[in-house]
Amino acid sequence: MNDCIFCEIVKNPIKAQVIYEDDDFLAFEDLHPQAPAHFLIIPKAHLDTILDADERTLGRLLAIGVEEAKKKGLDKGGFRTVINCKRHAGQSVGHLHVHIMGGRWFTWPPG
Ligand code: 5GP
Ligand code: ZN
């Protein structure tokens, strides 16, 4: 349908380092990690932002993120979960995604 880079990864998962996949969701390592651990969880169906997601999608995105964070041992020290929505938040890829980052300290509030 489009030139969305995350839809491209859904069609051809070899383009990313996939850590989780089921019929409807995919999780893969971020190309430009901002922490020792940094991965993304996406719905396979294209949704522009969190504004377009239903409850099941939101729940699954977070549940998959938590499971994969635990597998990486991030539950010990904790981790940061981020969903950027549109331009004020700096969303740069227009396909809904959840960031999970861990393995270092994060500051609050974010910039
Ligand atoms: P946003 O700024 O939209 O919240 O986050 C987009 C994220 O996608 C960024 O962290 C960026 O590094 C990551 N990203 C952009 N293009 C690709 C790609 O082709 N492959 C992977 N694995 N990550 C990407
Ligand atoms: Zn897409």
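Start by selecting Val93 together with ligand 1: a backbone N or O atom of Val93 lies 2.9 Å from an oxygen atom of the ligand. Keep in mind, as you look around, that this is a predicted model.

Next, add Ser92 to the selection. One of its polar backbone atoms is 2.7 Å from an oxygen atom of ligand 1. Then add Gly90, where a polar backbone atom lies 3.2 Å from an oxygen atom of the ligand. Now try showing the surface of the protein around the ligand. On its own, ligand 1 has 520 Å² of accessible area, and the protein covers 83% of that.

**The shell around ligand 1**

Which residues come nearest to ligand 1? Select Asp30, Asn84, Ser92, His97 and His99; these come nearest among the 17 residues around the ligand. You have already met Ser92 through its backbone contact.

Colour the shell by residue type and you will find seven nonpolar, eight polar and two charged residues. Then switch to a cartoon view and pick out helix H1 (5–11), strand S2 (25–29) and strand S3 (37–43), each of which supplies at least two residues of this shell. H1 gives the largest share, three residues.

**The largest pocket**

Where does ligand 1 sit? Hide the ligand for a moment and look at the space it leaves: ligand 1 sits in the largest pocket. This pocket has a volume of about 370 Å³. It is lined by 19 residues, and to find its centre you can select Phe6, Asp30, Leu31, His32 and Leu40, the closest to it. Asp30 is a handy landmark here, as it is also one of the residues that come nearest to ligand 1.

Bring the cartoon back for H1 and S2, which each supply at least two residues of the pocket lining. The largest share, three residues, again belongs to H1. By type, the lining divides into eight nonpolar, eight polar and three charged residues.

**The second largest pocket**

For the last stop, select Gln34, Arg80, Thr81, Val82, Met101, Arg104, Phe106, Trp108, Pro110 and Gly111, which line the second largest pocket. Its volume is about 220 Å³.

Which strand gives the largest share of this lining? Highlight strand S4 (residues 79–82), which contributes three residues. Colour the lining by type once more: five residues are nonpolar, three are polar and two are charged.

Conventions: Residues are numbered from 1 along each chain as its sequence is written. Chains are lettered from A and ligands numbered from 1 in the order in which they are written. This is a predicted model: local features need pLDDT of at least 70, side-chain atom pairs count only at pLDDT 80 or more; totals for chains, interfaces and linings use all residues. Side-chain values use heavy atoms; hydrogens and water are left out. A residue is near a molecule or strand if one of its heavy atoms lies within 4 Å of it. A polar contact is a pair of N or O atoms within 3.5 Å; within protein, one must be able to donate a hydrogen and the other to accept it, and residues adjacent in sequence count only if both atoms are side-chain atoms. Accessible areas come from the Shrake-Rupley method with a 1.4 Å probe; for residues, only the protein chains shown count as cover. On a 1 Å grid over the protein atoms alone, a cavity is a set of points where a 1.4 Å probe fits but cannot get out, and a pocket is an open set with protein on both sides within 12 Å along at least five of seven lines; lining residues have an atom within 4 Å of a point. A molecule sits in a cavity or pocket if more than half of its atoms lie within 2 Å of its grid points. Helices (H or I, at least four residues) and strands (E, at least two) are DSSP runs, numbered from the N terminus. Ala, Val, Leu, Ile, Met, Phe, Trp, Tyr, Cys and Pro count as nonpolar, Asp, Glu, Lys and Arg as charged, and the others, Gly among them, as polar. Grid points are joined across faces, edges and corners, and a volume is the space filled by probe spheres set on the points.
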